[in-house]
Amino acid sequence: MIFTQLNLGACQTYLIADERSKQAILVDPVLEHVPNYLMRIEQQKLKLTHVIDTHTHADHISGAAALKDLLGCEYVMHQNAPARCVTFHLSDGFECHLGNSLVKVFATPGHTKDSITLIFPDRILTGDVLFLDEGGAGRDDLPGGDAGDHWESLQRILRLPEHLLVYPAHEYRNRQPSSLKQQIERNPVLKPRSKQSYISYLEGLQLGPADWMKDVLKANYACARDPKAAWIPIDVPACEVKGTLDRGANDQQVAAIPPNAVKQALMSASPPVILDVRNPTELTGGLGQISGNLNIPVTELAHRLGELEPYRQREIVTVCKSGGRAHTAAQILMQAGYPKVHVMVGGMTAWIQTEPHQ
Ligand SMILES: [Fe+2]
């Protein structure tokens, strides 16, 4: 079986194909990447027969409707999915084959009413029902979300064989898929806990604003084919529930510093280290970059911490476009024991507004 995750960012799109028949399915495609998917399918001489959304997404516009139009494939979702362009509705317990591989479907509501988990012989695609490690699981406060249902779905996943590898729809920190057994050890939402305790925990969380996500949901209900159908901030770990069931590094308060204060600090006798966690191509774009910065993309930070070791005792200011990725980066540094970490508020978008000629 061919199994490839196709995206560079936090949204995970899986191309799964049978090597012999070349039949392929695509799970959770993102609209703006559709041209890349088409190129990939063409290069590998695959025939895309089905695109599947594990649920109605709130953080990106699905590429499924566009792919259905372009390739004539089936658009598959759970029967509770409201999008009218879905051509094939699944219910709990549905089974089919991709080549020789049996694929089973569990309805796993909670994050949304239409969430499904795809079960292959050696892995599960969990959508936002289960993320990796301390990432926990998707948020339940959006329309259609239900923490009690989510708890029930997680109990069901816990009854699956422990060797199955877990592949979620999002990964914000470059964590690598691992077995359900390892997730039971590492992922706080899989720890033994009563349904009521799970609901109380989620109700107590201070989740970020979600108004823009409601607009994205509407765009997906309407089968939008225009990437600009809803405004989406690019660097917010939108679907991830902040923190975990255990109080850990993710719950630590990250200190913020405004751009003006960064500017002053840079002119002082002990200037901070500027850690820009955007992708390298963004540094040459319109927002520019702060002179002398270290550039490590947030998705690589956990693996490149050694490069920061010489600066461990210095003040480090994390920077990105608008603050989301920098916040994540600061948490990674704090988890690694860096004592003086700040996030530059508003990112480079705010920094350029402090430039006198702007
Ligand atoms: Fe989601």
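This report walks through a predicted model of a protein chain with an iron ion.

## Ground rules

Residues count from 1 along each chain as its sequence is written, and side-chain values use heavy atoms, leaving out hydrogens and water. Because the model is predicted, local features need pLDDT of at least 70 and side-chain atom pairs pLDDT 80 or more, while totals for chains, interfaces and linings use all residues.

## The whole chain

The protein chain has 11 helices and 16 strands (DSSP runs numbered from the N terminus: H or I of at least four residues for helices, E of at least two for strands). Of its 358 residues, 53% count as buried, meaning under 20% relative accessible area with a 1.4 Å probe, protein chains only. Along the principal axes, the C-alpha atoms fill a box of roughly 65 × 45 × 35 Å.

## The iron site

What holds the iron ion? His 55 (NE2), His 111 (NE2) and Asp 128 (OD) coordinate the iron ion at 1.9 to 2.3 Å. Donors here are N, O and S atoms within 2.8 Å of the metal (3.2 Å for Na, K and Ca); water is not among the atoms, so sites may look incomplete.

His 55 sits in the loop between β4 and α2, and Asp 128 in the loop between β10 and α3, 73 residues apart. Both His 55 and Asp 128 are buried.

## A five-stranded sheet

One open sheet runs β12-β16-β15-β13-β14, with parallel pairing (strands pair if DSSP finds at least two bridges between them). β12 and β14 stand at the edges with a single partner strand each, so one side of each lacks a neighbour in the sheet. Three bridges join β12 to β16, and Ala 255 stands opposite His 342 in β16.

How values were computed: Buried < 20%, exposed > 50% of the residue type's maximum accessible area, 1.4 Å probe, protein only.
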